[in-house]
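Visitor: I should like a close look at one part of this model, taken slowly and in a connected account. Please begin once the structure is on display.

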Amino acid sequence: MASPERPQPVNLAEGWSPASWRDRPAAQLPAYPDPVALAQAMDELRALPPLVTSWEILALKQQLAEAQEGRRFLLQAGDCAENFGECTSAVISNRLKVLLQMSLVLVHGLRLPVLRVGRFAGQYAKPRSADTETRDGTTLPSYRGDIVNAPDFTAEARTPDPRRMIKAHARSAMTMNFVRALIDGGFADLHHPEYWNLEWVGHSPLAEDYRRMVSGIGDAVRFMETLSGSEVHNLNRVDFYTSHEALLLPYEEAQTRQVPRQWGWFNLSTHFPWIGMRTAALDGAHAEYFRGIRNPVAVKVGPSATPDALLRLIDLLNPGDEPGRLTFIHRMGAAQVAEKLPALLDAVRRDGRRVLWVCDPMHGNTENSSNGYKTRRFANIRSELEQSFDLHAAAGTRLGGVHLELTGEDVTECTGGARDLTDADLARAYRSTVDPRLNYEQGLEVAMLVVRKQAQLAAPRR
Ligand code: PEP
Ligand code: CO
């Protein structure tokens, strides 16, 4: 007889287990030299407490369902890759500040609740274009993120070490703990947006606009409190969810669990895992792993995706058309989005499939600067985002969110923006070991342009 603690499974994916991905071709996984050490690390991970809970995951799924219906806007943003060395108070709180400021701009301008999802507390694994790297005749495994190996070009640093998964879990827990404590302590209080000011906001060309918005919100909060005669309590905390690319399947498998009073399996390492563009093959290990978990999931969609492949991916990942379950994050690049996106939007809409569409205007716009930096031009980021809003409007679909790589640090990694950074500026503060991120100011600028674009689309046509 079924235990009263655990209701009967409703629709468990057939033939699936947390380890069934092992029977499929797995792209982008490291070759661990010592299988015994790998098994030990996984056992240890299985016994450690989870990082998130099933009820948070289900609450997020509900909010994603609302975003699908146009009743929320998703802001998903954070580092390209976290690294162990940057699990610091300043990096974590500055990133939170930018996300809070951007969401304030979006709430104010869109008049919609914003759903905040960080790329953090687990964003430690990176896909690479080659398995190995050769320097001066020496070939070593590629650096795949701190959860796998270390960037130094030595055999020791580059050998995949499963103990790093334990460290990644611990760093993720510390990050989550700090974020939760800040938020519970009132850091995200709308009565005090000045808590989130970053030092250099004072010098920004956007500072005036932003200050006006903050004081407008302060006035609105005080007005509501005067009307109601009491403090508006739900304004002093916001929800924050976590996401990462669930690339390293042994790590994800070890944190996939069943919980009391729920049917099925949850990935309890993050609320909202996604499949990267390079691992989204329909018959691949990553799609197999994702089909069996109950988390809301996202898939990156690049310029080579076909309408048919997308529909088959929906069949696999969301056969029951469950609200909030599936998000597609398109990342075509400014030059290709107008050519590639409409057929995909059309196919999904005509088939009546329920997905949340999100635009990642970063990953299709990476290029090399004249002086050898991996960079992205703000003009291209802006163009892809603006075109995406127009293409959705023309297709009768809805762009329900943005996915960005950014940092709260004062870096110079993407060119352009309000301060018009040039290739020469890249040398000043280029800190990313992987992809170029928007800095604080460029992030705010994206939020402002989303608001402007939406207002333009909502205005009656002349
Ligand atoms: C990423 O989000 O960092 C990434 C590698 O993206 P994509 O899979 O879209 O290339
Ligand atoms: Co990236």
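Visitor: With which residue does R180 form a salt bridge, and how far apart are the closest N and O atoms?

Guide: The model is a predicted one. In it, R180 forms a salt bridge with E56, and the closest N and O atoms are 2.7 Å apart. R180 belongs to helix α5, which covers residues 163–184, and E56 belongs to helix α2, residues 54–68, so the contact ties together parts of the chain that are 124 residues apart in sequence. The two partners may be described by their accessibility. R180 is partly exposed, with a relative accessible area of 33%. E56 has a relative accessible area of 17% and counts as buried because the limit for that class is under 20%.

This pair belongs to a wider set, since a search of the whole structure finds 34 salt bridges. Another of them joins the side chains of R95 and D79, with an N to O distance of 3.0 Å. R95 lies in helix α3 (residues 89–110), while D79 lies in the loop between β1 (73–78) and α3, so this salt bridge ties together parts that are 16 residues apart in sequence. Both partners are buried: R95 has a relative accessible area of 4%, and D79 has one of 3%.

A further salt bridge is formed by the side chains of R376 and E405, at 2.9 Å from N to O. Here strand β13 (residues 374–376) contributes R376 and strand β14 contributes E405, so parts 29 residues apart in sequence are tied together. R376 counts as buried at 0% relative accessibility, and E405 likewise counts as buried at 0%. Salt bridges that share partners also join D79, E82, R95, E413 and R437 into one network.

E405 leads from the salt bridges to the metal site. The cobalt ion (ligand 2) is coordinated by C80 through SG, H363 through NE2, E405 through OE and D435 through OD, at 2.0 to 2.5 Å. Along the sequence, these donor residues of the cobalt ion are spaced C-x282-H-x41-E-x29-D. Of these donors, E405 and D435 link distant parts of the chain: E405 is in strand β14 (residues 399–405), D435 is in the loop between β14 and α12 (440–458), and the two are 30 residues apart. D435 is buried, with a relative accessible area of 10%, and E405 is buried at 0%.

H363, in turn, leads from the cobalt ion to the other ligand. A nitrogen or oxygen atom in the side chain of H363 is 3.0 Å from an oxygen atom of ligand 1, and H363 is also a donor to the cobalt ion. The protein buries 97% of the 290 Å² that ligand 1 exposes when taken alone. Ligand 1 is surrounded by 13 residues, and the closest are R119, K126, M277, K300 and R331. For K126, a side-chain N or O atom is 2.7 Å from an oxygen atom of ligand 1. For R331, a polar side-chain atom likewise lies 2.7 Å from an oxygen atom of this ligand. Sorted by class, the shell around ligand 1 holds 7 charged, 4 nonpolar and 2 polar residues.

Technical notes
Residues numbered from 1 in each chain as written. Chains lettered and ligands numbered in written order. Predicted model: local features only at pLDDT ≥ 70, side-chain atom pairs only at ≥ 80, totals over all residues. Heavy atoms only, no water. Donors = N, O, S within 2.8 Å, 3.2 Å for Na, K, Ca; no water. Helix = DSSP H or I, 4+ residues; strand = E, 2+ residues; numbered from the N terminus. Buried < 20%, exposed > 50% of the residue type's maximum accessible area, 1.4 Å probe, protein only. Near = heavy atom within 4 Å. Polar contact = N/O pair within 3.5 Å; in protein donor to acceptor, adjacent residues only side chain to side chain. Areas by Shrake-Rupley, 256 points an atom, 1.4 Å probe, with all protein chains shown as cover. Nonpolar A, V, L, I, M, F, W, Y, C, P; charged D, E, K, R; others polar. Salt bridge = Lys/Arg side-chain N within 4 Å of Asp/Glu carboxyl O.
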